[in-house]
Amino acid sequence: AAMHPQEQPPSLPENASWEQVAPWLEASFLPAYLCRAVCGRLDELGEATAAYEGWLLEHYHDLMFDAEQPAGLHWFMHDIAQRSPDWHECFVAVLVLDGVPALLMEKVFETVSRQQTVAFASDRVYLAPLPTVTSVAKPVLLTGRLPDAAIPEWRECNGGQLKVLGLPAREERIPSLPAGGSLSLEEPGTAVVYHWQYVDEALIHAPMANPHRWVSAYAAVCQIGKEIVRLFEEAHHREAKLIVGVVNDHGWTELPPKADKIALPPEFAERVHHRRVIGGIADPELGYALDRSRYFLHEDATIAPGYRYYEARPRGAVHGGATPQETACRGFWLANFEIGKLEELVVEVLGEIRRGTSRNEVILRISNPNPAAVEVLEIALSRISLASKQSLPVKIGPRGSADITAVCSARAHESTVVCTGNVRWRSAEQTRTQEVSIAVGTKGAAQADSGFERMFEV
C-alpha cells in the first residue's frame with residue numbers, strides 16, 4: 001500500500017477537535033506519510049506537518065485535560081480501568097511496543113482480531129506526550145498520569161505496581177525479535193508489562209534505507225501479533241481469563257535528504273538527545289519551546305520543528321518531535337471474555353420517615369454492583385443531611401455496600417419525599433459524578449413542626 005500513490009492529506013481546520021484530528025491522522029496523513037517516506041518525497045508534506053504541529057502546540061494543554069475528548073496517552077490505562085473486570089481473577093499483560101508507528105499497530109490488531117475467542121474492550125488513537133521519547137511516554141501510559149507526576153511515580157514503584165488498576169506488576173524488557181514463549185501466563189491478579197524494544201533499538205536509528213526499515217518493522221509486528229494469539233490460545237487451553245493491553249509509546253520520522261540542521265551554541269551540545277530534543281531549556285529561538293508548567297514536564301525542553309534536527313545529521317530515523325508520525329499512538333485492550341463498564345452505584349434511603357418531621361433518622365445505603373472496589377467521596381442530596389462529616393470518604397468492596405447514618409426532612413402533607421442531587425465516587429483512580437433521584441414514602445400523620453413548615457411557605 002505504501003508504494004501506491006496517496007493523495008495529499010486534506011487541510012486541518014485550525015480549531016479542529018480531537019474527534020476530527022484522530023481520523024485525519026489514521027485515514028489521511030499517516031498513509032500519505034508512509035508513501036512519501038519510502039519514495040523519498042517527504043518535502044511534499046511540509047505544509048501539512050507544520051499545520052498539525054501548530055494545532056497540537058496551540059491546543060496541547062486542553063487536549064491532555066479534556067475528559068470529554070480524551071486524547072492523551074495517559075488515558076490508555078483508564079480506558080480499561082473503567083470497564084471494571086475482576087482483576088484478581090485475571091491474567092493481565094501489557095505490551096508496550098517501543099517506537100512502533102501507529103500505522104503498523106493496525107497489523108497487530110488485524111492478526112489478533114481473526115481469533116474468534118478474542119473480544120475487543122477498547123481500540124483508539126492517542127497522542128504521545130511531548131517530547132516523544134520513551135523516558136516520558138512509558139511512565140505516562142502505565143501510570144495514567146501526566147509526565148510531571150508519572151515519571152516520579154513510576155520511578156518510585158520501580159515498575160512494581162500498576163496503581164490505575166490496583167495491581168502488583170512486573171516489568172520484562174524484550175530487546176530482540178519475539179520468539180515462541182516470549183509472552184507467558186504468570187499468575188492471576190498480577191500484571192506483566194512487556195517492554196518490547198526491538199523496533200526502537202534495532203531499526204529506528206539504524207543506517208538503512210527507508211523501505212527496508214518499514215519492511216523490517218512490518219515483519220516484526222507480525223511476529224508480535226502471532227505471539228499474542230499464542231498467549232490467548234494458552235489461556236483458552238487453561239480455561240483462564242486473560243486481558244492484554246497493546247500500545248505504542250511514540251512513532252518515528254525519517255528526514256528528507258535536504259533536512260535543515262539547527263545550529264546550537266557549543267554549551268548546549270551536551271543537552272541534545274535523539275537529535276530532536278534539547279533538555280533543560282525552553283528556547284523559542286532554537287525550536288518549539290516546551291515550558292515545563294504548560295507541558296506538564298519535570299524540566300523545560302526544546303524540540304526541533306518539522307523535519308529539522310540538532311547537531312550532526314542522524315544516520316537513521318528520529319523521534320522526539322511533534323510531527324504527526326511521531327506523536328500518533330494506537331492502543332487497544334483485548335480479552336477472552338466480555339468486559340462490562342462500571343455500573344452506577346445504587347443509593348437507597350432506609351428507615352421510617354414521618355410527615356411534618358424535620359429530623360427523621362434514616363440510613364443511606366450505598367451498594368456497589370461492580371466487581372471492583374469503589375470509594376464514595378461526596379454525597380449531596382436535597383432533604384438529606386449526613387449525621388457526621390466523618391462519614392466520608394467511605395470505601396465499598398466489590399459487590400458490597402455501606403450504610404451511612406443520615407437525617408431526612410418531610411413536610412406535613414407530603415406522602416412522598418423526593419431527594420435529588422449527586423454522588424461523587426472513584427474506582428481505579430477514575431472519578432465520576434453520578435446523578436441521583438430517590439422517592440421515599442412517608443408515614444403517619446405527625447403534627448406539623450410549625451417552624452419547619454414556615455421554611456417552606458410559598
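**Exercises on a predicted model**

The buried residues of helix α2 (buried meaning under 20% relative accessible area with a 1.4 Å probe, protein chains only) pack against α1 (18-39), α3 (75-81), β2 (119-127), β10 (288-290) and α9 (324-327). The model is predicted, with local features needing pLDDT of at least 70 and side-chain atom pairs counting only at pLDDT 80 or more, while totals for chains, interfaces and linings use all residues. Residues are numbered from 1 along each chain as its sequence is written, and side-chain values use heavy atoms, leaving out hydrogens and water.

**Exercise 1.** Determine the span of α2 and locate its bend.

Solution. Begin with the extent: α2 covers residues 46-65 and reaches 29 Å from its first C-alpha to its last, close to the 28 Å expected at 1.5 Å a residue. Next, follow the axis, which bends by about 65 degrees at His-59. Finally, consult the buried residues of α2, which include His-59 as well as Trp-55 and Tyr-60.

**Exercise 2.** Place Gly-287 and list what Gly-287 touches.

Solution. First, Gly-287 lies in the loop between β9 (277-279) and β10. Second, Gly-287 counts as buried because its relative accessibility is 15%. Third, leaving aside residues up to four places away in sequence, Gly-287 touches Thr-302, Ile-303, Pro-305 and Tyr-310; the C-alpha atoms of Gly-287 and Pro-305 are 5.8 Å apart, although 18 residues separate them in sequence.

**Exercise 3.** Assign the side chains of β14 to faces.

Solution. In a regular strand the side chains alternate between the two faces of the sheet. Within β14 (residues 346-350), Val-347 and Val-349 point to one face and are buried, whereas Val-346, Glu-348 and Leu-350 point to the other and are not.

Conventions. Helices (H or I, at least four residues) and strands (E, at least two) are DSSP runs, numbered from the N terminus. The expected span of a helix is 1.5 Å times one less than its number of residues. The bend at a residue is the angle between axes fitted to the seven residues ending there and the seven starting there. Buried means under 20% relative accessible area, exposed over 50%, partly exposed in between (1.4 Å probe, protein chains only). Contact means heavy atoms within 4.5 Å.
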